[in-house]
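Biologist: Please take a close look at the salt bridges in this predicted model. I would like one connected account, with the burial of the partners and the confidence of the model included.

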Amino acid sequence: MKASLTNILPCLLFLVGPLQGEEPEWIDLFDGKTLEGWSKTGGDAVFEAADGTITGSGAKKTTFLVTKEDYGDFELVFEYKLHDLDLNSGVQFRSERTPSRERVNTLKGPQIELTKSPGRSGLIFRQGGGAWITPEDKLVRNNAAKNGEWNTVKLRVEGPRIQTWINGILINDSVSEEDHKRYPSGAIGLQVHGIRDYDGTPRRVSWRGIRLKKL
């Protein structure tokens, strides 16, 4: 009888899943070597994976590297570096894949702005809607990001609340019921913004350590 109970217990634990109160595990969205689990959409930028880093080389049209899986409530952490400070970038979340006017797939939804300092890094923009989700009275330029260096970003989205930190500094803490209703879940996308007066010289942005924990 004792032997039977010993064999049954692991099976029961497997069926019921994690114990109550157990912390969810972090998921590596980037394996450090390939773009497995991601797909490119939008414009003509190039994404490459090497040495634990994803690098996007910007061109004329805005382009995204998009997760194949959708996510709702979660914490996301990553590092980013703008190699060229005239390049605007961002990271989409809870975003919808939808055709653009050019009849190519693109993303619409919330985005963490990533730009040079002083700037609006860490604030939340509605990509495809042309408006800020961060309230107008909180659209304050900050110096949290370090130009030309790696910067650590944390994003926490739970229900309608959106919080962001840049290098440990709280930048955005806002609630948008409208955006949560419109975008409760969706893709995560690395953005290389199009360069309006593109002169043929690619501008680069890199990401690494992209990890997510579902809430």
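Modeller: Arg94 has a relative accessible area of 2%, so this residue is buried, the cut-off being under 20%. Its salt-bridge partner is Asp73, and the closest N and O atoms of the two are 2.5 Å apart. Arg94 belongs to strand S7, while Asp73 sits in the loop between S5 and S6, so the bridge ties together parts that are 21 residues apart in sequence. Asp73, at 29% relative accessibility, is partly exposed. The pair therefore joins a buried arginine to a partly exposed aspartate.

A second bridge involves the loop between strand S5 (63-67) and strand S6 (74-82), where Asp70 lies. The side chain of Asp70 meets that of Arg97, with 2.9 Å from N to O. Arg97 is in strand S7 (residues 89-99), so this bridge links parts that are 27 residues apart in sequence. Asp70 is partly exposed, with a relative accessible area of 39%, and Arg97 is also partly exposed, at 38%.

Arg203 and Asp199 form another salt bridge, at 2.8 Å from N to O. Here Arg203 is buried, with a relative accessible area of 12%, whereas Asp199 counts as exposed at 53%. Elsewhere, Glu75, Arg156 and Glu158 are joined into one network by salt bridges that share partners. In general, side chains of opposite charge can pair when their charged atoms come close. The count for the model is twelve salt bridges.

Charged residues also appear in the second largest pocket, which holds about 370 Å³ of space. This pocket is lined by 18 residues, and those closest to its centre are Asp86, Leu87, Asn88, His193 and Gly194. By class, its lining comprises seven charged, six polar and five nonpolar residues.

As for confidence, the average pLDDT of the protein is 89, and 87% of the residues score at least 70. Two stretches have low values. Residues 1-6 have a pLDDT below 50, and the model gives this stretch zero contacts beyond near neighbours in sequence. Over residues 8-18 the pLDDT stays under 50 as well, with one contact beyond four places in sequence.

Methods: Residues numbered from 1 in each chain as written. Predicted model: local features only at pLDDT ≥ 70, side-chain atom pairs only at ≥ 80, totals over all residues. Heavy atoms only, no water. 1 Å grid on protein atoms, 1.4 Å probe; cavity = no way out; pocket = protein on both sides within 12 Å on 5 of 7 lines; lining within 4 Å. Points joined across faces, edges and corners; volume = space filled by probe spheres on them. Nonpolar A, V, L, I, M, F, W, Y, C, P; charged D, E, K, R; others polar. pLDDT = per-residue confidence, 0-100. Contact = heavy atoms within 4.5 Å. Salt bridge = Lys/Arg side-chain N within 4 Å of Asp/Glu carboxyl O. Helix = DSSP H or I, 4+ residues; strand = E, 2+ residues; numbered from the N terminus. Buried < 20%, exposed > 50% of the residue type's maximum accessible area, 1.4 Å probe, protein only.
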